[in-house]
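Here is a note for a colleague who is meeting this structure for the first time. Please keep the sequence and the model open while reading the numbered points.

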Amino acid sequence: DITRTVTPRGDDACSVEALVRGEPTGPMGWFAPLMRPMVARSVNRDYQRLKSLLETPTAGVRGGRGPG
């Protein structure tokens, strides 16, 4: 379960917080302590990539047609 909260920070900025809840089940439960930091790094990388795309004026634009 992932809950995301977007908070405005002025006219041209915001912050995003992601709360990831859940535990691996079955045999994967043994790996939960290892998986937590891996999931955190993955989520942080995803948000850094999103931030980079949003802050680049031509992010995702191909031939002036918009994203895609």
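The points below go from the overall fold to the pocket, the salt bridges and the surface.

1. Please bear in mind from the start that this is a predicted model. The protein contains 1 helix and 2 strands, and, read from the N terminus on, its elements follow the order β-β-α. Of its 68 residues, 4% count as buried, a value worth keeping in mind when the individual residues below are described as exposed or partly exposed.

2. The largest pocket holds about 700 Å³ of space, and two elements, strand 2 and helix 1, each give two or more residues to its lining. Helix 1 gives the most, with 13 residues, while the lining as a whole is made of 25 residues. Those that lie nearest the centre of the pocket are Val16, Ala18, Val43, Asn44 and Tyr47.

3. What is the character of the residues in the lining of the largest pocket: nonpolar, polar or charged? The lining divides into 15 nonpolar residues, 4 polar ones and 6 charged ones.

4. Side chains of opposite charge can pair when their charged atoms come close. A search of the whole structure finds 3 salt bridges, and the next three points take them one by one.

5. One salt bridge joins aspartate 1 to arginine 21, with the closest N and O atoms 2.7 Å apart. This pair links distant parts of the chain, since aspartate 1 belongs to the segment before strand 1 (2-8) and arginine 21 to the loop between strand 2 and helix 1, with their positions 20 residues apart in the numbering. Aspartate 1 is exposed, its relative accessible area being 58%, whereas arginine 21, with a relative accessible area of 41%, is partly exposed.

6. Another salt bridge is formed by the side chains of arginine 36 and glutamate 23, at 3.3 Å from N to O. Because arginine 36 lies in helix 1 and glutamate 23 in the loop between strand 2 and helix 1, the pair ties together parts that are 13 residues apart in sequence. Arginine 36 has a relative accessible area of 47% and is partly exposed, while glutamate 23, with a relative accessible area of 52%, is exposed.

7. The side chains of lysine 51 and glutamate 55 also meet in a salt bridge, at 3.2 Å from N to O. Both residues lie in helix 1, where they are 4 residues apart, or about one turn of the helix. Lysine 51 counts as partly exposed, because its relative accessibility is 41%, and glutamate 55 counts as exposed, because its relative accessibility is 56%.

8. Glutamate 55 deserves a second look, and a reader may ask how far apart glutamate 55 and alanine 13 are in space, C-alpha to C-alpha. The two residues are 42 residues apart in sequence, and the distance between their C-alpha atoms is 9.9 Å.

9. On the surface, Met28, Trp30, Phe31, Leu34 and Met38 make a nonpolar patch of about 630 Å². One of these residues, tryptophan 30, lies in the loop between strand 2 (14-20) and helix 1 (32-55). Is tryptophan 30 buried or exposed? Tryptophan 30 counts as exposed because its relative accessibility is 75%, and exposed here means over 50% relative accessible area.

10. To draw these points together, the loop between strand 2 and helix 1 carries tryptophan 30, and the same loop holds arginine 21, the partner of aspartate 1, as well as glutamate 23, the partner of arginine 36. Helix 1, for its part, contains both lysine 51 and glutamate 55 and gives 13 residues to the lining of the largest pocket.

Terms used
Residues numbered from 1 in each chain as written. Predicted model: local features only at pLDDT ≥ 70, side-chain atom pairs only at ≥ 80, totals over all residues. Heavy atoms only, no water. Patch = residues over 30% accessible without salt bridge, like charges linked within 9 Å, V, L, I, M, F, W, Y side chains within 5 Å. Areas by Shrake-Rupley, 256 points an atom, 1.4 Å probe, with all protein chains shown as cover. Salt bridge = Lys/Arg side-chain N within 4 Å of Asp/Glu carboxyl O. Buried < 20%, exposed > 50% of the residue type's maximum accessible area, 1.4 Å probe, protein only. 1 Å grid on protein atoms, 1.4 Å probe; cavity = no way out; pocket = protein on both sides within 12 Å on 5 of 7 lines; lining within 4 Å. Points joined across faces, edges and corners; volume = space filled by probe spheres on them. Nonpolar A, V, L, I, M, F, W, Y, C, P; charged D, E, K, R; others polar.
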